[in-house]
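Work through the exercises below with the sequence and the 3D structure open beside the text. Each task sentence is followed by a solution in steps.

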Amino acid sequence: GFDYFSKGVARRRMRTVEIQRDEHLERMRFVVPDVSINQKRFARPFRHDLQYKVNRDSMTSSLSDFMEGCEKIMWRMELQEGVDRSKLKRVFTRGYSAMNYLAFFFVFLLNIDVLARCSKSNDSAAMFGSIVVNNGTTPHINVYCANYAETTVLNVVLLLCVIWKFIAFGTTEGVSIMDDCTKIAAKGAASLKDGSLKADMSPYQRYFYSLPQRTVWILLIMKKVMTDAENISQWVHIICTIVGLFAPYVRPFMYAIILAIDVVKGNRLLRYVLQSVAYSRGAIVQTGLLAVLAIYLFTTAAFIFLADEYDNQGADYDCNTLATCLAVHMSYGLRSDDGVASLMVEPTSIWPRILFEDLYWITISLTVISIFSGIIIDTFGEMRETKRFTERDMVSRCFICGISASTFQRKTKGEGFRRHLRDDHYMWSYLDLMLYLRDKDPTEFTAQETYVSRCLSKKDLSFFPIGKAIRLEIAGVDGDE
């Protein structure tokens, strides 16, 4: 029984961390709180994200970000613990992952189904639903999609899975969003009363936080719901599924949207690609504005000097008006590899045409498009290098003390660095310590617990053993070596 306790229960319930107090290193033992054990699986993705989000430029910045991130993780874990006390809510939240996989499976089947069964046809008896866009009696566009019973059944099952996911997501994320917005609104109102902080606020922020706090809270929630990628994906899922169920003729488009979102969410590389576009959106928008101005400049020159040189005289797209001429250059000029040369008749005056066509091709088709690609590729490369730096840092340096792995491998016996990370400075043991101190009655604190609790309340990092490790002290090695 003792062996079972010491090897099984004790290892699972007891943690040991190293702290620095009065310039001396001490080992601190504590009992892992129930919330940490119960919500270990739930907290795993948040822990993973925190490892990549902390600023690793210095020990101070990384540990400060770590403490701030741990506060958010602890709040999420306690929130989920409260949700689990309700059997109904626990059923929804625990089944979220399974429903996510099922929803992807069914939307994949639905895309295969509509791919095989949807077509363009005038046989309204065999096909159901149509989009008709026409100005006269003859339809310009007819799109029909079969309303088969099997497709409808799959759509209903998909809708049930999506509703399950939506309820599970809202159970935790809804409370989280409201709490975050409450804190932001309170912080903004407090900043208005502080003269030094108010001076750093923009005029928009001063006006926004001067509104009634309830209004600020509601507007912040609306912004969070409409701008957060995860929230948007949940809304798009349920809207597209409902539209696909009741409007069969748009099912291919709805199912394609859902499938694209699920694939991107499930693939980390694809998320990085989209993040690179999102992070460089400012540069992309400004470059797009530059492209529009450049195309408009060429359009005015073509309208004044070369309007009769275009091939489509009298058609919808020609250069008889400045507006249609701009449309020609915005559409064909960007898509065509040779610029607008393919749209123009055989030249009657060689030198103006050569100058115009070559300048347009160099400026628009070559330079501007290359700038767009370069911005996205460079941003993606920077993100990839940051990720590689983070992963190298994880395996080559202790996050808590900052001592390199080579020092432990050279100066200690056994597993060295790996054992140090597992037994001495396991970063998530410090998260468990924060949860333990939060749950424990302060009147029952030991001297060590009182000291660490005071440091945490002041956001003081001095209790972390930066540059030190007991394992190295026993070996007679300075951590800075």
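Helices, numbered from the N terminus, are DSSP runs of H or I with at least four residues. The model used here is a predicted one.

**Exercise 1. In which helix is the place of Glu449, and what does the side chain of Glu449 make a polar contact with?**

Solution. Step one is the location: Glu449 belongs to helix 20. Step two is the burial: the relative accessibility of Glu449 is 4%, and Glu449 therefore counts as buried, since the cut-off for that class is under 20%. Step three turns to the partner: the side chain of Lys440 makes a polar contact with the side chain of Glu449, at 2.8 Å. Step four widens the view to the surroundings, where, leaving aside residues up to four places away in sequence, Glu449 touches Met28, Tyr436, Leu437, Lys440 and Glu444.

**Exercise 2. How do strand 1 and strand 2 run, and how many bridges join them?**

Solution. Begin with the pairing: strand 1 and strand 2 run antiparallel and are joined by eight bridges. Next, consider the connection, for the two strands form a hairpin with two residues between them, and Asp22 in the turn has a positive phi of about 55°. Then look across the strands, where Arg21 stands opposite His24 in strand 2. Finally, follow the side chain of Arg21, which meets that of Glu26 in a salt bridge with an N to O distance of 3.2 Å.

**Exercise 3. Which parts of the chain does the salt bridge of Arg47 and Asp432 link, and are Arg47 and Asp432 buried or exposed?**

Solution. The search of the whole structure finds 16 salt bridges. One of them is formed by the side chains of Arg47 and Asp432, at 4.0 Å from N to O. This pair links distant parts of the chain, with Arg47 in helix 3 and Asp432 in helix 19, 385 residues apart. For the environment, take each residue in turn: Arg47 has 10% relative accessibility and so counts as buried, and Asp432, with a relative accessible area of 3%, is buried. The last step is to extend the pair, because Arg15, Arg47 and Asp432 are linked in a network of salt bridges.

For contrast, turn to the salt bridge in which the side chains of Glu385 and Arg388 meet, at 3.4 Å from N to O. Glu385 and Arg388 are three residues apart in helix 16, so about one helical turn separates them. Glu385 counts as partly exposed because its relative accessibility is 38%, and Arg388, at 40%, likewise counts as partly exposed.

**Exercise 4. Which geometry, edge-to-face or stacked, does the pair of Phe298 and Phe356 have?**

Solution. The structure holds 14 aromatic pairs. In this one the ring centres of Phe298 and Phe356 lie 5.8 Å apart and the planes stand at 75°, so the pair is edge-to-face, the cut-off for that class being over 60 degrees. The pair links distant parts of the chain, since Phe298 is in helix 14 (residues 281-305) and Phe356 in helix 16 (residues 350-396), 58 residues apart. Phe298 and Phe356 are both buried.

A second pair completes the exercise: the rings of Phe408 and Phe417 have centres 5.9 Å apart and planes at 50°, so this pair is tilted. Phe408, at 0% relative accessibility, counts as buried, and Phe417 counts as buried at 7%.

**Exercise 5. Which residues touch the most other members of the largest nonpolar core, and which helix supplies its largest share?**

Solution. The largest nonpolar core has 42 residues, of which Phe66, Ile400, Leu433, Val452, Phe463 and Phe464 touch the most other members. Several elements each supply at least two residues of this core, among them strand 1 (14-21), strand 2 (24-31), helix 4 (59-84) and helix 20 (447-457). The largest share, nine residues, comes from helix 19. To finish, examine Phe66 itself: residues up to four places away in sequence not being counted, Phe66 touches Leu50, Val54, Phe399, Met427, Trp428, Tyr430, Met434 and Phe464. Two of these contacts also appear in an aromatic cluster, which is formed by Phe66, Phe399 and Trp428.

Note on methods. Residues numbered from 1 in each chain as written. Predicted model: local features only at pLDDT ≥ 70, side-chain atom pairs only at ≥ 80, totals over all residues. Heavy atoms only, no water. Phe/Tyr/Trp six-rings, centres within 6.5 Å; stacked < 30°, edge-to-face > 60°. Buried < 20%, exposed > 50% of the residue type's maximum accessible area, 1.4 Å probe, protein only. Core = buried A, V, L, I, M, F, W, Y, C linked by side-chain atoms within 4.5 Å. Contact = heavy atoms within 4.5 Å. Pairing = 2+ DSSP bridges. Polar contact = N/O pair within 3.5 Å; in protein donor to acceptor, adjacent residues only side chain to side chain.
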